[in-house]
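Q: Got a minute? I'd like to walk through this one with you.

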Amino acid sequence: GYLASQYVAKIKGAGQGVMKVGQDHSAPDTVPLPATATREMSEELSQLGIYTARVISQKPLNPVNSPQGAFEEESIRALEAGAAESIRVEPVNGVLMFRRMTPDIITSQACIGCHTDKKIGEMVGAVSVQIPIDKPLSAVEQKVTILYGVGAVGSVLLASIVFLLLRHLVILPLNDLDEAVEKIGHGHYATRAMVATEDEIGQLAQAFNNMGENLQAASGKQQEMATAAQAAAAEIQGVMNAIGKAQAVIEFNLDGTVITANENFLGCLGYSLPEIQGQHHRMFCDQAYASSGDYQAFWQKLNRGEFDAGVYRRIGKGGKEIWIQASYNPILDANGKAYKVMKVATDITAQRNQAAEFEGKINAINKAQAAIEFNLDGTVITANENFLGCLGYQLDEIKGQHHRMFCDPAQTNSSEDAVFWQK
């Protein structure tokens, strides 16, 4: 039930979404850490009288995983001093328990993500396992009682049989199960307990193996999702790198302050990054526009998650006028809410200045020359004041009329006129 609710159901519900791992796994997109899962599942199994396993530490991420009781406190000090294990058989809450603690050693880089002050190979805590042995010992005693009736073979043979039975029925299976629990706690979900008996310890081993299979399946699904998420992130980063090489890019907080900008943007406006980082977008605008209602509406629109695109006049360092073709794009979080704005722009100052130069030249020509424009079929498109004044027409009198209205009939009906328009 624990694995179904905390791993399988959450992973199925997430679909292609990103899953998180944490101590607090109450959210539908968060599954428990291995140490948390080990503790919580063992609590369920403990309620059934099967066994209890905990991952503990002197400096736990979760206070629940601190040493509890004299055995755990003494054992973890012994393990930190170099002991390989600590074993004790003692009553706990009126039940005779086999208790064992072994070091919890960091074996992968993933563990360091949580235990940042540790290195691979260092002890981060201990695995504490306790298993009730009242029932297995009772079974041994019953078998010994039967054998005792054989009689005269003597106390030495009886003691040997008791030891062998205890070793076969209890100690070896418990050691095997304990090692399997420790490996599962380190994330080796393919580990299985090699106990095939049908007694209480065998039932415990079967329950443990079922848990391991479910954990392995959930871990595999989580790994697939993580790999897919990494691939998608790499593709997005590749696209952003390509855009950054060709375009001027700058990012803003929703209040308009600058987060960062690439070299293309900085070169376009003549600033270094420290000069603009943390400053407001209005530093790139003329004062009249930055103080206007239109400017306020511009940022309100972006805060609503709506993009804005067009040609913008901006002011560079030293008051230099810059014209850009740009789009302001709100970036949304997983809940669809905007949390920053990315602007992608192209400097079109040179093209705009060239267009203005062309327009100035055309205006100069119109002032000095009579000019008229025709469609290819000879009909009039428009004419300037010099032409209209020269021929004495208004524009609406000639617009849409054919060029022949300006020629004598003899010329317009000649073959030369047809050849002229064909050319």
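Q: Start small. What is the bridge partner of P91?
A: L96, which lies in β5, is the bridge partner of P91.

Q: Wait, is this an experiment or a model? And how are residues counted?
A: This is a predicted model, where local features need pLDDT of at least 70, side-chain atom pairs count only at pLDDT 80 or more, and totals for chains, interfaces and linings use all residues. Residues are numbered from 1 along each chain as its sequence is written, and side-chain values use heavy atoms, with hydrogens and water left out.

Q: Okay. How many bridges join β4 to β5?
A: Seven. β5 covers residues 95–105, and the two strands run antiparallel. Strands are DSSP runs of E, at least two residues; helices are runs of H or I, at least four; both are numbered from the N terminus. Two strands pair if DSSP finds at least two bridges between them.

Q: What order do the strands take in the sheet?
A: The order is β3-β6-β5-β4, in an open sheet of four strands with antiparallel pairing. β3 (52–56) and β4 (86–92) are the edge strands, each pairing on one side only. From one strand to the next, the twist averages 20°.

Q: Which helix packs on the sheet?
A: Helix α3, residues 69–80. It touches β3, β4, β5 and β6 (123–132). Contact means heavy atoms within 4.5 Å. The direction of α3 makes about 30° with that of β5. Axes are lines fitted to C-alpha atoms, for helices over the stretch in contact, and angles run from 0 to 180 degrees between N-to-C directions.

Q: New topic. How many helices and strands does the protein chain have?
A: The chain has 16 helices and 13 strands.
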